[in-house]
Amino acid sequence: MTPLDHIRNFSIIAHIDHGKSTLADRLIQTTGGLTAREMSEQVLDNMDIEKERGITIKAQTVRLDYTAKDGQKYVLNLMDTPGHVDFAYEVSRSLAACEGALLVVDASQGVEAQTLANVYQSIEYDHEIVPVINKIDLPAAEPEKVKQEIEEIIGLPADDAVLASAKSGIGIDDILEALVKRIPAPKGDINAPLKAMLVDSWYDPYLGVVILVRIIDGSLKKGQQIRFMQAGTTHLIDRVGCFRPKIEILDSLGPGEIGFITAQIKEVSQTAVGDTITDAKNPTSTPLPGFKQVQPVVFCGLFPVDAADFDKLKESLGKLRLNDASFSFEAENSAALGFGFRCGFLGLLHLEIIQERLSREYDLDLITTAPSVVYHLNMTHGEGSIDLHNPADMPDVTRIDSIDEPWIEATIYVPDQYLGAVLKLCQDRRGIQKDMTYVGGRVQLLYELPLNEVVFDFYDRLKSISRGYASFDYHQIGYREGDLVKMTIMVNGEVVDALSMIVHRHAAEGRGRQMCQRMKDLIPRHLFKIPIQAAIGGKVIARETIGAMRKDVTAKCYGGDISRKKKLLEKQKEGKKRMRQYGSVDIPQEAFIAALRMGDDS
Ligand SMILES: Nc1nc2c(ncn2[C@@H]2O[C@H](COP(=O)(O)OP(=O)(O)OP(=O)(O)O)[C@@H](O)[C@H]2O)c(=O)[nH]1
């Protein structure tokens, strides 16, 4: 156990790509957590996808030993935090376990939307914040300008900001000293009953469920009976340890310390993040406030391209959920796509990551239906209100009084040469401008937007119209009534349930036309005409027709017998009739995928 005044708990907060993971690696290397040889690039990002995309998904904690210039030995607990908006809740829980934060800002980019969102959270937790201006090795670095931005935009003094390059190792010692000197030591009472925060948990194939804890009071050791206060369950601790980043087993964890425990727990779902862990026999009387439960906000259907893969998909989703309690799935049946699952995600990136892991790690070929948000339907005839997760399930309009949709408040930073395009994008997406401020050569925009307009492709569009320079962050601000309708797509008179979507009435026609055109290009000609229609209720708002392909059955009978020719033509007609009768149109899988991939030209 480390004495309280020799512990420092901190997280690193930054906008995506400003160098958090590189800095974390450098700190681990400098304090001897890993030798240079062991140091594979970015050890904290340990999932393949994280490495490839260069983003951090799961927050990790590493214990560092540091002998400061004052000759004292300190234990520094570093919590890595993810940078993407979809995972903002993980930032929040890591911050709750610390007393301070390193605020990393890229010297060539300056303060970005996420820097701001994260730093405000950190301020809410009363953290001591140490600004670090990273990447000063870059020729485009402008540390003085960035200091000014930190002061003007965030309102933090930046005189003593540390200038650093995580890549070339400049300023690393200064950062370590600043951590010891400026971040306060944790408080706690070893003699009080155990009180610890369940910070995070994940499934490890060798250890079972691993629980990351921050001890407030008391201590934790092997063989101790603990109770999760919120869940009301009791468990026997079988391991106590920390990450350096390699696992190290410890005798115990004391106040102020961060480490992990295992207690033969089989599923992550049994461990609620934010729960208070206490001693089963001598419990604390005051549990921690806990965290808000995260709710999936974006839903879509996942269907196997090959129907035989259904069981495999089910099993794979179950495995993924073991480690990610924030996504949900339940079986769904679509007339167009067969058996699949309706899945809920924290955002589009989360959706893409799960989708990619399913195809890469589990070798599954999938069709994803259009992502949708959760609508509140206020029903007539005293039926109350219901949550709609799947547009295909929308009840008859006569039973619906009004529809509420989720709204967000978005902060966008954009260099002023792209301002016009960004304003237009926000306007097109029904945005309401709340504020616009100039900071240096950039503009900070505050917009209220319906989430439904953002989930499709807003982020991608924003990046492409600003050549990657705009940054974006958002949080939900509640539900508002909207003039929303369900649009269905009919192919040959039959509703294709997988293509149903909820849209704003004014956008319906445009979207409908676009869908019909895409389907027209993608469905091959058949022996009969195929109308493709977009409709609201019974009313068709857009229509395309795929012309019939006339198979030249008579081609083979050159010359000769007219009666034989006639007979063949008759037969062909019959065939046509049968096709029409069944109403069966072969829609290739690519058609769904392409039709659902709106955006490229919307
Ligand atoms: N030139 C230079 N490049 C750096 C420095 N620090 C990080 N980088 C590079 O910047 C890119 C982003 O760094 P990461 O450490 O992955 O950024 P991050 O903030 O952890 O990103 P997320 O994990 O996605 O939130 C990488 O290509 C790094 O090699 C630096 O000091 N100088």
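In the predicted model, Gly32 adopts a positive phi of about 85° at a position just after helix 1. Helix 1 itself spans residues 20-30, and nine of its eleven residues are buried, so this helix is largely enclosed by the rest of the structure. The buried positions are Lys20, Ser21, Thr22, Leu23, Ala24, Asp25, Arg26, Leu27 and Ile28. Their packing partners are strand 1, strand 2, strand 3, strand 4 and strand 5, together with helix 6.

The strands that receive helix 1 belong to an open sheet of six strands with mixed pairing, ordered 2-3-1-4-5-6. Its edges are formed by strand 2 (61-67) and strand 6 (162-163), each of which pairs on one side only. Helix 4 (residues 113-124) packs on this sheet, where it touches strand 1 (7-14), strand 4 (100-106) and strand 5 (128-134). The direction of helix 4 makes about 150° with that of strand 1. Helix 6 (residues 172-182) lies across strand 1, strand 2, strand 3, strand 4, strand 5 and strand 6, and runs at about 170° to strand 5.

Both senses of pairing can be followed within the sheet. Strand 2 and strand 3 (residues 73-79) run antiparallel and are joined by seven bridges; Thr67 has Lys73 of strand 3 as its bridge partner. Strand 1 and strand 4, by contrast, run parallel and are connected by five bridges, with Ala101 in strand 4 serving as the bridge partner of Ser11. The pairing of strand 4 with strand 5 is likewise in the parallel sense and extends over seven bridges. Here Gly100 stands opposite Glu128 in strand 5.

Strand 4 is mostly covered, with seven of its seven residues buried. In a regular strand, side chains alternate between the two faces of the sheet. In strand 4 both faces are covered: Gly100, Leu102, Val104 and Asp106 are buried on one side, and Ala101, Leu103 and Val105 are buried on the other.

A further open sheet comprises eight strands in the order 11-10-16-7-8-15-12-13, and its pairing is antiparallel. Strand 11 (233-236) and strand 13 (247-249) stand at the edges with a single partner strand each, so one side of each lacks a neighbour in the sheet. Neighbouring strands of this sheet are turned against each other by 40° on average, direction ignored. Within the sheet, strand 7 (residues 195-204) and strand 8 (residues 208-217) run antiparallel and are joined by nine bridges. One of the bridged pairs couples Asp204 to Gly208 in strand 8.

Helix packing was also examined. Two packed helices are described by the angle between their axes and the distance between the axes. For helix 9 (residues 419-428) and helix 11 (residues 458-465), the angle is about 160° and the axes are 9 Å apart. Because angles over 145 degrees count as roughly antiparallel, helix 9 and helix 11 are therefore classed as roughly antiparallel to each other. Their crossing is right-handed. At the contact, Ala421, Val422 and Leu425 in helix 9 meet Arg461, Leu462 and Ile465 in helix 11. By class, this contact of helix 9 with helix 11 contains five nonpolar residues, no polar residues and one charged residue.

Two individual positions illustrate burial in a helix and in a loop. Leu358 lies in helix 8 (residues 348-361). Leu358 has 23 C-beta neighbours inside 10 Å and therefore counts as buried, the threshold being 20 or more. Apart from neighbours within four places in sequence, Leu358 is in contact with Ser316, Leu364 and Leu366. Leu358 and Leu320 are separated by 38 residues in sequence, and their C-alpha atoms are 8.5 Å apart in space.

Asn492 occupies the loop between strand 27 (484-491) and strand 28 (494-495). With 21 other C-beta atoms within 10 Å, Asn492 is buried. Asn492 and Gln533 are 41 residues apart in sequence, while the distance in space is 8.2 Å from C-alpha to C-alpha.

Methods. Residues are numbered from 1 along each chain as its sequence is written. This is a predicted model: local features need pLDDT of at least 70, side-chain atom pairs count only at pLDDT 80 or more; totals for chains, interfaces and linings use all residues. Two strands pair if DSSP finds at least two bridges between them. Helices (H or I, at least four residues) and strands (E, at least two) are DSSP runs, numbered from the N terminus. Two residues are in contact if their C-beta atoms, placed from the backbone, lie within 7 Å. Axes are lines fitted to C-alpha atoms, for helices over the stretch in contact, and angles run from 0 to 180 degrees between N-to-C directions. A residue is buried if 20 or more other C-beta atoms lie within 10 Å of its own, exposed if 12 or fewer, and partly exposed in between; C-beta atoms are placed from the backbone. Angles under 35 degrees count as roughly parallel, over 145 as roughly antiparallel, 65 to 115 as roughly perpendicular and the rest as oblique. A crossing is left-handed if the near helix is turned anticlockwise from the far one by less than a right angle, and right-handed if clockwise. Ala, Val, Leu, Ile, Met, Phe, Trp, Tyr, Cys and Pro count as nonpolar, Asp, Glu, Lys and Arg as charged, and the others, Gly among them, as polar.
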